[in-house]
Every structure is written in structure tokens, then in C-alpha cells.
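Q: Please take a close look at one part of the model shown below, and then follow its surroundings outward in a single connected account.

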Amino acid sequence: MTSRHRSSARTTAPAEGTAPLSPRRRTVVKAAAAGAVLAAPLAVALPARAAAAAEAPRFLHGVASGDPLPDGILLWTRVTPTPEAAPGSGLGPDTEVSWVVATDKALTNVVARGSLTTGAARDHTVKADIRGLAPATDHWFRFSAGPTDSPVGRTRTAPATDAAVPGLRFGVVSCANWEAGWFSAYRHLAARGDLDGWLHLGDYLYEYPTGEYGTRGTVVRPHTPAHEIITLADYRARHGRHKTDADLQALHAKAPVVAIWDDHEFADNAWSGGAVNHTEGAEGTWSDRQTAAKQAYFEWMPVRPAIEGTTYRRLRFGKLAELSLLDLRSFRSQQAATGSGSADDPDRTITGRAQLDWLKAGLSGSDSTWRLVGNSVMISPFAVGSLAADLLAPLAKLLGLPREGLALNTDQWDGYTDDRRELLAHLRTHAIRNTVFLTGDIHMAWANDVPVDAGTYPLSPSAATEFVVTSMTSDNLDDIVKVPEGTVSALAAPVIQAANRHVHWVDTDRHGYGVLDITAARAQMDYYVLSDRTDPAATSSWARSYRTRSGTQRVERSYDPV
């Protein structure tokens, strides 16, 4: 590329009749003349240049990519054209933003370029859906606006649809509460350098006002805006604040994300007609709030919807894996009252009819070795069992259960058993192997078989397996009880496993992330934990690994990370 900077030089002959000067005298005179000539213009030019630099467009929210295809990738950034054009402000001029994509970090081997104009109507966000790229290839990209370049980002296209792929590796995260801690998990994933992409399984942000959700009583860093987000401007501002996090920017700039939403991108325990954390009338209509949340999400996230207004879609990674991504908030019925018996009502749904049919058809029609399902809430059955009162109360609070201990979390698939029964029966009837659910939401780490009948397991067959990653920062059980990490898990985990024999492992206390590694022979989740969510320099360590071997539909422990 041609440099943006140019230089020029000009010489002036001495005036006619002037006596020649000695070299030293000539130098002194030149210096004095230069000082006299330049002093006044510089006095004006330097503040003017500083002002111009302050007014120049800036890329304050990093760059990102997502939803990789064999021939394409979705690129994202947000330009701040003027200082007042903050996220959600509705201010700032229309601005032309260009991009360039290359197969080298220096951006010399350019394979795509283009531009578009963005403005306040889209909160100055930019999404460029690039096509015509080579499959299974690293690419680097950069945006430009006026004299300003963005940071350079790296991304990777998916393998060709019919390619024999030896392996895939994805980071897996969920539940990133800004106020509860630092996003060190993103930093550790970005530092790996070996990811084909990363999955965000929901709760990329939280809607609550400052100090009201999951911080163990201590706000590490306050939300923007400080109040509960309800309007389009609110959701935009909250997204903008999250994307100023340096660790999040680092991961977005290193690998493509594949994201789905859960409830907190809207409001706590959201369903198609409302949410637990929404007061109709006092907080406007649910329809308006949901529309605002969705608009901001699609503006600020590198997500390519297959159907407008929803995140359910499907991506393929050669013959090795196909990833079906679910939207379990837009179409679901209202959560059943715990213990009411209505969880079994066949008229109630978590997916909606169209999405469930789409999922079933995709799973049975796929010829990939592994069928992955990006799933925001746990599908495995879960019973509380006989927990002591001091453990039952915080667990009930975390799961939304009554304090008397009825064994049901109606926000999960447990509250929509007819949909689950239909899906698992479909897997069994069509002998669909190697289905792995990848889940977030519950702020705990789990490794589960997904039994057809939990009541008779292990005699009942397992139709699939499930890996659940814990929260990055949001409170889990030890935070709610305010005891040292590991205390609750040591007591609660054995009781939970005794009441749920399909649960191979549960960690109720620690924060972290997962790394999913897939080969033709097995799918393995390595679970990593953070030393301290409130420490911006938190370290990361491997905790456990579980895998499912091809054809088994069962989870087993692996004693080493990949």
C-alpha cells in the first residue's frame, strides 16, 4: 500500500548583491531565519494539529470477526468519528469506513477490499460480510476512516464443506458480568494462538443496574450506564462499554467468534412475552425492549443471522463437525411455576415449533462426524437431591428454585420436557450418533451424559453428551455463600452426582472457560479455571478434562488436556 505520509523540500537562492557568508555564518543565519519564519506558524499549527487529531475518527472498540464460512468471514468494528459520538448517543456524522483483507499480517497480499458508510442510525458500527476467500486459511484485516487505521485483526475461514479435517479447536465461554470481575479468560484464550474460533454461549453482557447482580457484594468496575438498560441507547452504551475491555478486544482480534444470546442480553429469565426482570408499563413494553436489545446485539456483534431477528443458524467445518446454534429466548413459552406439573405440558416450548423441526432435520441430515449444538441452557435433567439447608438455599437462589427444594429448574430444558423428550427420541429413533451439547448459563462446570430416561439411568441409554462451561465472572455457589473457593463444591458435588447419575462431574465454585478439541475419534473439553476473577492479572490453570469417544454417547474422564 502507498504510504499516507508525504514529504517535500524547497531551496531559496541568496538575494542578488548580498555578500557571500562563511559556512559557519551561513548556518547561524539560516537557523535564525528559520526560527523567525517558523515560530509564528508553529504556534498556530501545533494546537491546530492537536485539535485535528482529537477530532479525527478513532477505533476505540477494537476489531472482530465471526461466523466463519469456507469462503468467507464477517468482519466488525465501530468507528467513533467525533468525540461526542459515544455509543448510544445518536450523535456523530456519517463516516466512510474502508477495509482490507490479506493473507499476511503485513497486509501486502491483499485478497479483498471495500468500504461502506456508517452513521448514528447503526450506532457507527460496521459489518462487512467478505466472500471469495480461500477455505481453512488465516487472514488478517484492518479498517480505515480518514487518516486513521484500526488495529490489525486475525481471523480464519472454515474448512471446505467436503474437506477431511484432522482436528478443530475452539475456546468456549459464557456469563461475563462486567461488574463482577475482569475478563482474564479472554486474555488467556487470546494468548493460545491455536484456536480455529471461539464460542460464546450467552450472557455476553448483563442488563442489571450497578451493584444488583452477582458480584459477591463488591462491584469491581461499574456498569455504563449505571441504571438498568431498557432503551436502544442503553443497550448500545452497555455493549460499547464491554468492547472497551482490553482482554475482550485481544480475543476478538485473534480468532473468529460464534455467538448466541441467552437471557441477560435482554433481561433475566427472558421468554417470548416478557422476563422476570421486566415490569410491563413501568419499563415500557416487552416488545419494544426486546426489539431494542436485538437491534443493539446485531449492531455490536459479528453475528450473521440466517433468519432475521434470531440467532439460530448452522455452520459447517468440513466433514468433521457441524454446529447448530440455538435461540432459546425468542420463541419459548413462559417458565412454568416450579412444582406445578406444567413443565410436561406439550403446548409449552423452549425452541418453538419451527426451530425444533429445523434442529431435528439438521441433526438427522448431517453427514459430519460430530454434531455440535450451541445451547444456552442445560439440557441434561437435574434433580437437587437431599442437600443440607445451608447448601440448598444458595443453590436454589442460583438456579431459580424454591427454597423448599423441589427438583426442577424451569428456565432450563427441565421446564420444557416435551421438547426435550421429542428431541432425544429423534436422536434414538434415527440412530444419530455423536451429538454434543455445548452449554453455558448455570455458572458451574458440568460433564454429563444426556439420558433418554434419567429415572432409570444408567440402564436407560444416553442419547447425547453435554459439556457445560462455568461463568467467566458471574457469581456461583461459593460467591453466594461467601466462603472460600472449593468449599461448597466439596460438599454439594457428591450429593448432586448421587441424585443425578448421568452427571460425571460438577464444579459449583470456580470461574473459567473451556477449550473444545475435536478429532474423528473423540470430542474433548478441557476445563480451565482462573486464580481470581477480581485480579486483572489473574492466572489460568487446567482443572479437568472429559471426552466422549465416537459412537459411545457417553462421557469419560481424560487425565490430560490436549
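A: Gly 193 directly follows helix 2 and adopts a positive phi of about 75 degrees; helices (H or I, at least four residues) and strands (E, at least two) are DSSP runs, numbered from the N terminus. The model is predicted, with local features requiring pLDDT of at least 70 and side-chain atom pairs pLDDT 80 or more, while totals for chains, interfaces and linings use all residues. Residues are numbered from 1 along each chain as its sequence is written, and side-chain values use heavy atoms, without hydrogens or water.

Helix 2 itself spans residues 184-192, and its buried residues are Ser 184, Ala 185, Tyr 186, His 188, Leu 189 and Ala 190. Buried here means under 20% relative accessible area, exposed over 50%, and partly exposed in between (1.4 Å probe, protein chains only). The buried residues of helix 2 pack against strand 9 (168-173), strand 10 (197-200) and helix 4 (246-252), and also against strand 19 (512-518), strand 20 (522-530) and strand 21 (540-549). A contact requires heavy atoms within 4.5 Å.

Two of these partners, strand 9 and strand 10, pair with each other in the parallel sense over four bridges; pairing requires that DSSP find at least two bridges between two strands. Within this pairing, Gly 171 has Trp 198 of strand 10 as its bridge partner. In a regular strand, side chains alternate between the two faces of the sheet. In strand 10, Gly 197 and Leu 199 point one way, Trp 198 and His 200 point the other way, and all are buried.

Attention now turns to helix 3. His 242 belongs to helix 3 (residues 232-242) and is buried, with a relative accessible area of 0%. Beyond its neighbours within four places in sequence, His 242 touches Ala 176, Trp 178, Phe 183, Tyr 204, Leu 205 and Leu 248.

Helix 3 also packs on helix 5 (residues 286-300), at an angle of about 35 degrees and with the axes 8 Å apart. Axes are lines fitted to C-alpha atoms, for helices over the stretch in contact, and angles run from 0 to 180 degrees between N-to-C directions. The crossing of helix 3 and helix 5 is right-handed, meaning that the near helix is turned clockwise from the far one by less than a right angle. Helix 3 contributes Leu 232, Tyr 235, Arg 236, His 239 and Gly 240 to the contact, and among the residues of helix 5 are Arg 289, Ala 292, Tyr 297 and Trp 300.

For the wider setting, the protein contains 10 helices and 22 strands, and 55% of its 562 residues are buried. Of the contacts between residues at least 6 apart in sequence, 70% join residues at least 24 apart. The average pLDDT, the predictor's confidence in each residue from 0 to 100, is 89, and 86% of the residues score at least 70. Residues 1-40 have pLDDT below 50, and this stretch makes eight contacts beyond near neighbours in sequence. Residues 402-407 also fall below 50, with 16 such contacts. Where pLDDT is low, the predicted coordinates should not be read in detail.
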